[in-house]
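Please follow this walk through the structure, which takes up a few residues and helix pairs in turn and sets each one among its contacts.

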Amino acid sequence: YMTHYDYTTAEIAENLAAQIEFADIVCGHYIRGFDLPLLNGALHASGQAPLGDVMTHDTKLDLKKRGGIGASQENLSVMYGLEEGKFHMSDQGWREAARLTPAGIERTRQRVTDDVRQHKALRVRLIEAGYTPVILDNFSNSKPSVVDRIAGVAGARPALIEGDIRD
């Protein structure tokens with residue numbers, strides 16, 4: 001939504017941080033290792049407070065390998081024959097995105113849009129394949145309403161275990 005106007009880096013960082021703070025969960029590939037630290041750097045550079053605690057699902061850091069194949073969203077989408085593809089970015093494209101250039105912002109918009117479409121289709125396909133989503137959450141930085149939102153997207157209510165994985 002911010003790619004159609006001329007915004008400063010500080011305005012983009014502030015608005016992105018507001019969206020992340022509002023979200024129940026933030027999903028992405030290497031989001032904890034790249035995106036969120038980059039955003040915190042932009043917030044710091046513009047004199048703003050860093051992000052608070054954010055619940056994330058990092059498809060690079062959280063998923064295990066199966067038979068030597070990474071269980072990334074992209075690999076699973078190919079395995080299940082999904083039509084929803086992913087917009088790939090070169091290292092130069094990622095640098096432009098990190099610098100918030102107009103071209104980098106546009107590539108990022110396309111990448112995110114494709115990623116969300118693929119993510120939704122994959123979750124539905126996994127449920128159709130008989131996988132049962134289970135949420136383990138202590139709701140320390142999220143809300144129970146996230147379960148209803150997931151049910152709306154997936155077409156089935158996931159099982160919920162209220163607790164902490166560290167217990």
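In this predicted model, a convenient place to begin is Ile 20, which, when residues up to four places away in sequence are not counted, touches Val 26, Leu 36, Leu 39, Leu 51 and Val 54. Ile 20 has its place in helix α1, and because its relative accessibility is 13%, under the 20% limit, Ile 20 counts as buried. One of its partners, Leu 36, is 16 residues apart from Ile 20 along the chain, and the C-alpha atoms of these two residues are separated by 9.5 Å.

From this residue the view can be widened to the helix pair around it. Two packed helices are described by the angle between their axes and the distance between the axes. Helix α1, residues 9-22, packs with helix α2, residues 31-45, at an angle of about 130 degrees, and their axes lie 9 Å apart. That angle makes α1 oblique to α2, and the crossing of α1 and α2 is left-handed. On the side of α1 the contact is made by Ala 13, Glu 14, Leu 16, Ala 17 and Ile 20, while α2 contributes Leu 36, Leu 39, Ala 42 and Leu 43. Sorted by class, the residues of the contact of α1 with α2 comprise eight nonpolar, no polar and one charged.

Which residues make up the largest nonpolar core? Ten residues in all belong to this core, namely Ala 13, Ala 17, Ile 20, Val 26, Ile 31, Leu 36, Leu 39, Ala 42, Leu 43 and Leu 51. The elements that give two or more residues to this core are α1 and α2, and α2 gives the most, with five residues. Ala 13, a member of this core, touches Leu 39, Ala 42 and Leu 43, again without counting residues up to four places away in sequence. A second, separate core consists of five residues, among them Leu 76, Leu 82, Ala 121 and Leu 122.

Another helix pair is formed by α4, residues 91-98, and α5, residues 102-128, whose axes come within 7 Å and cross at roughly 105 degrees. That crossing angle makes α4 roughly perpendicular to α5. Here the contact is made by Gly 93, Trp 94, Glu 96 and Ala 97 of α4, together with Ala 103, Gly 104, Arg 107, Thr 108 and Arg 111 of α5. By class, the contact of α4 with α5 has three nonpolar, three polar and three charged residues.

Within this contact, is the charged residue Glu 96 buried or exposed? Glu 96 lies in helix α4, and since its relative accessibility is 18%, where buried means under 20%, Glu 96 counts as buried. With residues up to four places away in sequence left out, Glu 96 touches Thr 101, Ala 103, Gly 104 and Arg 107.

The last stop is a loop residue, Lys 143, found between β5 (134-137) and α6 (145-154). At 42% relative accessibility, Lys 143 counts as partly exposed, because that class covers values between the 20% limit for buried and the 50% limit for exposed. Lys 143 touches Phe 22 and Asp 24, not counting residues up to four places away in sequence. The C-alpha atoms of Lys 143 and Ile 25 are separated by 9.5 Å, although these two residues are 118 residues apart along the chain.

How values were computed. Residues are numbered from 1 along each chain as its sequence is written. This is a predicted model: local features need pLDDT of at least 70, side-chain atom pairs count only at pLDDT 80 or more; totals for chains, interfaces and linings use all residues. Side-chain values use heavy atoms; hydrogens and water are left out. Axes are lines fitted to C-alpha atoms, for helices over the stretch in contact, and angles run from 0 to 180 degrees between N-to-C directions. Helices (H or I, at least four residues) and strands (E, at least two) are DSSP runs, numbered from the N terminus. Angles under 35 degrees count as roughly parallel, over 145 as roughly antiparallel, 65 to 115 as roughly perpendicular and the rest as oblique. A crossing is left-handed if the near helix is turned anticlockwise from the far one by less than a right angle, and right-handed if clockwise. Contact means heavy atoms within 4.5 Å. Ala, Val, Leu, Ile, Met, Phe, Trp, Tyr, Cys and Pro count as nonpolar, Asp, Glu, Lys and Arg as charged, and the others, Gly among them, as polar. A nonpolar core is a set of buried Ala, Val, Leu, Ile, Met, Phe, Trp, Tyr and Cys residues joined through side-chain atoms within 4.5 Å. Buried means under 20% relative accessible area, exposed over 50%, partly exposed in between (1.4 Å probe, protein chains only).
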